[in-house]
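User: I would like to go through the reasoning behind the labels attached to this model. Please set each value against its cut-off before you conclude.

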Amino acid sequence: GNIFDQNRAFAGVGRKLTDTTRVELGFMEQTLQRRHASSATPQVWENNHTITLWVISKWPFGKG
């Protein structure tokens, strides 16, 4: 079995645009350990880099 399955590190910043809206930008580094079908290579390390952008709103969409 895998003792170490995955590891993540994330950093981000945000800014309030209005009283109801804000924007956030971040970067995530992820490392995964996967088993390989070949016995000569029992494990494979996978590194993923992800940039994220969120626009978050508190607008009351459900009220009418």
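User: What makes Val13, Leu25, Phe27, Ile51 and Leu53 a nonpolar surface patch?

Analyst: In this predicted model, these five side chains, Val13, Leu25, Phe27, Ile51 and Leu53, make a patch of about 540 Å². Membership requires over 30% relative accessible area and no salt bridge, and nonpolar side chains are joined within 5 Å. Leu25, one of the members, has a relative accessible area of 45%, and this value is therefore over the 30% that a patch residue needs.

User: Which strands supply at least two residues each of the nonpolar patch?

Analyst: Strands S2 and S3 each do so, and Leu25 is among the residues that lie in S2.

User: Why is Leu25 called partly exposed?

Analyst: Its relative accessible area is 45%, and because buried means under 20% and exposed means over 50%, a value in between is called partly exposed.

User: Why does Gln30 get its label, buried or exposed?

Analyst: Gln30, which lies in strand S2, residues 21–35, has a relative accessible area of 13%. Since the limit for buried is under 20%, Gln30 is therefore counted as buried. Across the protein chain, 9% of the 64 residues count as buried.

User: What surrounds Gln30, leaving aside its neighbours within four places in sequence?

Analyst: With those neighbours left aside, Gln30 is in contact with Gln6, Asn7, Arg8, Glu46, Asn47 and Asn48. With Gln6 there is also a side-chain to side-chain polar contact of 2.7 Å, a distance that lies within the 3.5 Å allowed for such a pair.

User: Why is Ser57 called partly exposed?

Analyst: Ser57 has 34% relative accessibility, and because this is neither under 20% nor over 50%, the label partly exposed applies. Its place is in strand S3, residues 43–57.

User: What does Ser57 reach or touch?

Analyst: The side chain of Ser57 reaches the backbone nitrogen of Trp59 at 3.1 Å, which again is within the 3.5 Å limit for a polar contact. Leaving aside neighbours within four places in sequence, Ser57 is in contact with Thr20 and Thr21. Thr18 is 39 residues from Ser57 in sequence, while the C-alpha to C-alpha distance is 9.3 Å.

User: How do you know what order the elements run in?

Analyst: The protein chain comes to zero helices and three strands, and from the N terminus on the elements run β-β-β.

Methods:
Residues numbered from 1 in each chain as written. Predicted model: local features only at pLDDT ≥ 70, side-chain atom pairs only at ≥ 80, totals over all residues. Heavy atoms only, no water. Helix = DSSP H or I, 4+ residues; strand = E, 2+ residues; numbered from the N terminus. Buried < 20%, exposed > 50% of the residue type's maximum accessible area, 1.4 Å probe, protein only. Polar contact = N/O pair within 3.5 Å; in protein donor to acceptor, adjacent residues only side chain to side chain. Contact = heavy atoms within 4.5 Å. Patch = residues over 30% accessible without salt bridge, like charges linked within 9 Å, V, L, I, M, F, W, Y side chains within 5 Å. Areas by Shrake-Rupley, 256 points an atom, 1.4 Å probe, with all protein chains shown as cover. Salt bridge = Lys/Arg side-chain N within 4 Å of Asp/Glu carboxyl O.
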